[in-house]
Amino acid sequence: ETIGSDLRAIAAELDKLSVYRWGGTITAQDVYDLVSYSREASIFAAVDAIVEAAPQKAIAAVETLLRDGRPAAYILTMIARQVRLLLLAKELKANRAQPSEQGRRLGLSGYPLQKAMQQEQRFTAQRLVAVHGLLLEADLAMKSSSVSDELLLDMLIAQVSSNAAPQSTGGIPR
């Protein structure tokens, strides 16, 4: 999951793990510690859970990231990045852009492109704009309120994951 379908990268990481645990059992912690893509994959798993309306999974993933020392602002930035990609994907699809053009404009290829195009279908353009507004409110609140960043992220996740259209004002405390 963390590497994708790059067989050379998979083989190299498996070799590294087998040497590290020569004759022993490779643990999930070994993979997290040694596989170079694991830490980046964690943020992508958290963002995917948020976008795919899996709040329990998203909150757990975000808590792990925070515990591992990732700043709340970084997590918020990555969520915003995905929402911007989904807005652009929605526009490209509406304009009937070819898959090669979609990939070029989004700066994605392979599995990440496929995933973005699937996630785009979960939202209307209006909902993505509203979620983008919530992200802005959360960013402002992180910079100006006394509410903890962790609580602000949890509230954002709950609002993005809810089936009701998010409120563009008053959704995140300031």
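Confidence in this predicted model averages a pLDDT of 83 over the protein, and 86% of the residues score at least 70. The protein holds nine helices and zero strands, and buried residues make up 37% of its 174 residues. The points below begin with confidence, go on to the overall build and the nonpolar cores, and end with a closer look at helix 4.

**Confidence along the chain**
- Among the elements of the protein, helix 8 (residues 125-144) has the highest mean pLDDT, at 93, while helix 3 (residues 38-51) has the lowest, at 76.
- Over residues 164-169 the pLDDT is below 50, and in the model this stretch has ten contacts beyond near neighbours in sequence.

**Overall build**
- Read along the sequence, the elements follow the pattern α-α-α-α-α-α-α-α-α.
- Of the contacts with a separation of 6 or more, 61% are between residues 24 or more positions apart.
- The accessible surface of the protein comes to about 10,200 Å², and carbon and sulfur atoms account for 54% of that surface.

**Nonpolar cores**
- The largest nonpolar core has 32 residues, of which Val62, Ile75, Leu135, Leu153 and Leu156 touch the most other members.
- At least two residues of this core come from each of helix 3, helix 4 (55-67), helix 5 (72-94), helix 8 and helix 9 (149-161), and helix 5 gives the most, with eight residues.
- Leaving aside residues up to four places away in sequence, Val62 touches Ala46, Ile50, Ile75, Leu153 and Ile157.
- A second, separate core has nine residues, including Ala97, Leu106, Leu113 and Ala116.

**A closer look at helix 4**
- How far apart should the ends of helix 4 be, given its 13 residues and 1.5 Å a residue? The expected span is 18 Å, and the end C-alpha atoms of helix 4 are 18 Å apart in the model, so the two values agree.
- The buried residues of helix 4 are Ala58, Ala61, Val62, Leu65 and Leu66; because these residues cover an arc of only 135 degrees around the axis, they lie on the same side of helix 4.
- On the face turned away from this buried side, helix 4 carries the exposed residues Gln56, Lys57 and Arg67.
- Helix 4 is followed by Gly69, a residue whose phi is positive, near 95 degrees.
- Val62 links two of these topics, since this residue is listed among the buried residues of helix 4 and is also one of the residues that touch the most other members of the largest nonpolar core.

Notes:
Residues are numbered from 1 along each chain as its sequence is written. This is a predicted model: local features need pLDDT of at least 70, side-chain atom pairs count only at pLDDT 80 or more; totals for chains, interfaces and linings use all residues. Side-chain values use heavy atoms; hydrogens and water are left out. Helices (H or I, at least four residues) and strands (E, at least two) are DSSP runs, numbered from the N terminus. Buried means under 20% relative accessible area, exposed over 50%, partly exposed in between (1.4 Å probe, protein chains only). Contact means heavy atoms within 4.5 Å. Accessible areas come from the Shrake-Rupley method with a 1.4 Å probe; for residues, only the protein chains shown count as cover. pLDDT is the predictor's confidence in each residue, from 0 to 100. A nonpolar core is a set of buried Ala, Val, Leu, Ile, Met, Phe, Trp, Tyr and Cys residues joined through side-chain atoms within 4.5 Å. The expected span of a helix is 1.5 Å times one less than its number of residues. The arc is that of the directions from the helix axis to the C-beta atoms.
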